[in-house]
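Reader: Could you pick one part of this chain for a close look, and then work outward from there to the rest? I'd like to see how the local details hang together.

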Amino acid sequence: MLKKLPLSWSRYIPAGLTLVLGVGFSALAFALVWDWEDRRHDYEMHRRIDDISIGIERQLNSDLDAVLALSDYMKAFSAVERSSFARFVGRPLSVHPSLQLLAWAPRVPNSQRANYEAQARTETDSSFQITERGPQGELRKAGQRSEYFPAFYVEPTAGNETALGFDLTSHPEIRAAIDRARDTGEMIVTSYAGLIQGNSPEVGLLVIVPIYENSTKPTTLESRRQLLQGFVLGVFQGKDIFQTSLKGRNTDYLTIYLASEAPDKPEALPLLPPTGDPVLQNLAADGQIPQFEALFQSSTQQVFTASAAAKVTQRSNCPILDNPGPQYAACQRVLKISGSQWSLYVSATPEIRKTRKHWRSWGTLSMGMLWTLLPVTYMLTALSRTAQIEKLARERILQTEQLQAAYQQLELEQAKSEQLLLNVLPAAIVLRLKDNEHNIAESFGEVTVMFADIVGFTELSSRISATAVVKVLNDIFSAFDHLADRHGLEKIKTIGDAYMVVGGLPTPREDHAEAVANMAIDMLQEIRLLSLNHSEPFSIRIGISSGPVVAGVIGLKKFIYDLWGDTVNIASRMESHGITGCIQVTAETYEILKNKYTFQKRGAIQVKGKGYMVTYLLTGRK
C-alpha cells in the first residue's frame, strides 16, 4: 500500500497570507468605520445644533418684531388711546407665548405728573400713581425728580398689576438701558430687571424701543434727548422662549447657553439742566446694562441665569469630538437677532454617551473575520484541486460579475430615462406614451386653472445679474413646485416669470378647486418668506378660473402637455387684471368655494375679450 505524500509547506502560503491579510484588513476596516461613525455622530450633532440655533433665532426675531411693530404703531399716531393700544397688542400677545407684557412709558415732566396720574386714574386704574421700589423691593410712591417714565399702558393688565405706573428711571439697570436707547435711537435688549416683581427669579428679556416726536429718529444726540416722547417696552419669559423655539426639536441630553451681545460701556451722560426747584433732580444712570445670559436644561425644561463660568463649562462639555482648540467653537453658533449678534453654546450631559453606538464598526470586524475564515477554510480543503478547475471557477465568477454589472447599468439607465420623461409629462400620460399611444388628447368637463405672475420682476432683472435673475426665479418656482406636489396638482408650464398649474387632470378629482385655492394661499405665504430670504420685496398676482378644458401632448421634439379652452384664457385674464398680492377668481370658482373659503367681492371689471365680468378676491379659509 502506497503512503500518502505530505503536502509541501509552500502550498499553505496562500492560506496563511489570506488569514494575515484578512485579519489586517478587518482591523483596518474596523478602525475606519469607527472613525466614520464618530464623524457621523459629529455631523448629526452639528445638524441638531444648527436646527436648535435656527429655531431660537427665528423665535427671538419673531418675538422682537412684535415689539418693533408696536413701536411703529406708536410712531404713526401722535396720541394713542388705551382702548386702541389694547386692541393692537391683543394679537401679538396671543401669538407669542413668551411675551409676558407690552407697555407704553411716556416721558412725564414733573410739572405734568399730577395731570398724567389723574388721566391714568380715569383711563386705567382708579388707584394709579407713579411708583418706584424701596430698599426691600416694595412698591412706593415715586420721589420727586425732573422727569418720569411710568408704565402708562400695560397689556395684559392681569398678572402685571405691579408694572402699571412703575417709573423706569427709578431702577439703575433699567435707567442705564433707557438712556442708551434714548441716545442711540435703537432697540435695546437687556436681561429682565425687576419691572414686574421686586426680585423676580424668572429669567427673561426686557426690550426697550425709544419713540421720538414727529415719528422720526433725530440725527443728533442733543435732538434725540430733547424730542424723546417715551418708550415701548416688551417683557419676554426666557423659559417660554426656549420651550416655544425648541418645540419638536431633539434636545435630549443637551444644555443650551444663550447670551446676548455684550453692550459697550456707555460714556458718562450729562444730567439735564437743573431747574429752579432744588427738590427736583435726575437719577444718575450708574448701573450697567446687564447682558442676557441664560442656561436651558433639556432634562428638566428649566431656564437659569448663567454664571460667569458657564461659557467655559459649555465649551469643555461640547458633544462634538472634532472640536480643536484653543477656542473649542464646534458647539458655538452666532445668531443674528435684530441686527445684533448673540452667542449660542450647546453642551451635553454624560448620558449622551449612551447614544453613541459603534455597532457598525463591530459588525464590520465580525463580518471581516468571518469572511476571512471562510476562504481560508476553503483554500485548505481545495489544495488538491487542479489549477484548471480554479481557472474555470474564476472565469465563471468574472462572467457573472460582468453580467450583473451590465444588468445593473441597464436598470440605472432605464430609470434615468423614465425619470426624465416624468419631469416633462404627467405620470398617466407617460404610461400612455409607453403603450405607443399617439395623438393623446381628451376633454375635461370640470377643472380649475391657476396663473401666477411675479410683479415687478422685469424691473428686478434689469438691476441684477443674469445669474442672479435665474437663481431667484429658480428659487421661487422650485418653492411653487413643492407646493404643487403637496396639494396634488399638475404643473403645466412656466412662461417667463408666470407660473401655470391645474387641478382635476389628467386624473379627475372632485376637490380640484379647493386644492388650487389652498395652493394659492400657500403661494402668498411662500413669496413672503422668499422676500425675507432674498431681501427683495417680491409679490405676485394670482388668477383662478374653473370650467372645461382640452388637454393633450403636442410636438415631436421638446413636446409638452398643454391645455386649451376658454377656461385657460379667463384664468390668464384673472391674473393679468388682478391686484398685486391678491387671488382673483371668477364667479364659477366662487360658487364652488364660497362655503369653505372667505371672499371679498370685487365687482364687475372689464376683461379683454370678455367684456364685464364679476370677480371675487379669495382672502382665506373659513
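Author: Let's start at Pro-156, which sits in the loop between strand 6 (153-155) and helix 4 (172-184). Keep in mind as we go that this is a predicted model. What is the peptide bond from Glu-155 to Pro-156, cis or trans? Cis, with omega near -5 degrees.

Now step back a little along the chain, to the aromatics. Tyr-153 is the residue where strand 6 (153-155) begins, and Tyr-153 pairs with Phe-152. The two rings are tilted, at 5.1 Å centre to centre and with 40 degrees between the planes. Are these two residues buried or exposed? Phe-152 and Tyr-153 are both buried. The pair also belongs to a cluster: ring pairs link Phe-152 and Tyr-153 with Phe-85, Tyr-116 and Phe-128. There's another ring to look at while you're here, that of Tyr-148. Arg-113 lies over its face, 4.8 Å from the ring centre.

For the wider picture, the structure holds 17 aromatic pairs. One of them is Phe-477 with Tyr-499, again tilted, with 5.4 Å between centres and 45 degrees between planes. Why is that pair worth a look? Phe-477 is in helix 12 (residues 466-486) and Tyr-499 is in strand 17, so the two rings tie together parts that are 22 residues apart in sequence. Phe-477 and Tyr-499 are buried, too.

Strand 17 (498-503) then leads us to another cis proline, Pro-506, in the loop between that strand and helix 13 (512-534). The cis bond joins Leu-505 and Pro-506, and omega is about 0 degrees. Carry on past helix 13 and you reach Ser-535, in the loop between that helix and strand 18 (540-554). Ser-535 has a phi near 55 degrees, a positive value in a residue other than glycine. Ser-535 is also exposed, with a relative accessible area of 63%. Tyr-253 makes a nice companion: its phi is near 65 degrees, positive again and again not in a glycine. You'll find Tyr-253 in the loop between helix 6 (238-245) and strand 10 (254-259). Tyr-253 is partly exposed, at 33% relative accessible area.

Strand 10 (254-259) takes us inside. Nonpolar side chains in soluble globular proteins tend to end up buried together. Here, the largest nonpolar core has 80 residues, and Ile-56, Met-74, Phe-242, Ile-256, Leu-258 and Trp-342 touch the most other members. Helix 1 gives the largest share of this core, 10 residues. Another core lies apart from it, with 40 residues, including Ile-454, Val-469, Leu-473 and Met-519.

What does Leu-258 touch, leaving aside its neighbours within four places in sequence? Its contacts include Ile-56, Leu-60, Phe-242 and Phe-292, and also Leu-335, Trp-342 and Leu-344. Glu-293, Ala-294 and Ser-343 are on that list as well.

Glu-293 turns up a second time, on the contact list of Thr-305. With neighbours within four places in sequence left aside, Thr-305 is in contact with Val-203 and Glu-293. Thr-305 lies in strand 12 (residues 302-305), and at 59% relative accessibility it counts as exposed. Check the distance to Glu-202 too: the C-alpha atoms of Thr-305 and Glu-202 are separated by 8.6 Å, although the residues are 103 apart along the chain.

Back to helix 1 (13-76) for a moment, since the buried residues of helix 8 pack against it. Those buried residues are Ser-361, Gly-368, Thr-372 and Val-376. Helix 8 (residues 359-381) has 23 residues and reaches 33 Å from its first C-alpha to its last, close to the 33 Å expected.

Finally, the whole chain. There are 15 helices and 22 strands, and buried residues make up 43% of the 622 residues. Among contacts between residues at least 6 apart in sequence, 70% join residues at least 24 apart. The accessible surface comes to about 34200 Å², with 55% of that belonging to carbon and sulfur atoms.

Key
Residues numbered from 1 in each chain as written. Heavy atoms only, no water. Helix = DSSP H or I, 4+ residues; strand = E, 2+ residues; numbered from the N terminus. Buried < 20%, exposed > 50% of the residue type's maximum accessible area, 1.4 Å probe, protein only. Expected span 1.5 Å × (residues − 1). Contact = heavy atoms within 4.5 Å. Core = buried A, V, L, I, M, F, W, Y, C linked by side-chain atoms within 4.5 Å. Phe/Tyr/Trp six-rings, centres within 6.5 Å; stacked < 30°, edge-to-face > 60°. Lys NZ or Arg CZ within 6 Å of the ring centre and 35° of its normal. Areas by Shrake-Rupley, 256 points an atom, 1.4 Å probe, with all protein chains shown as cover.
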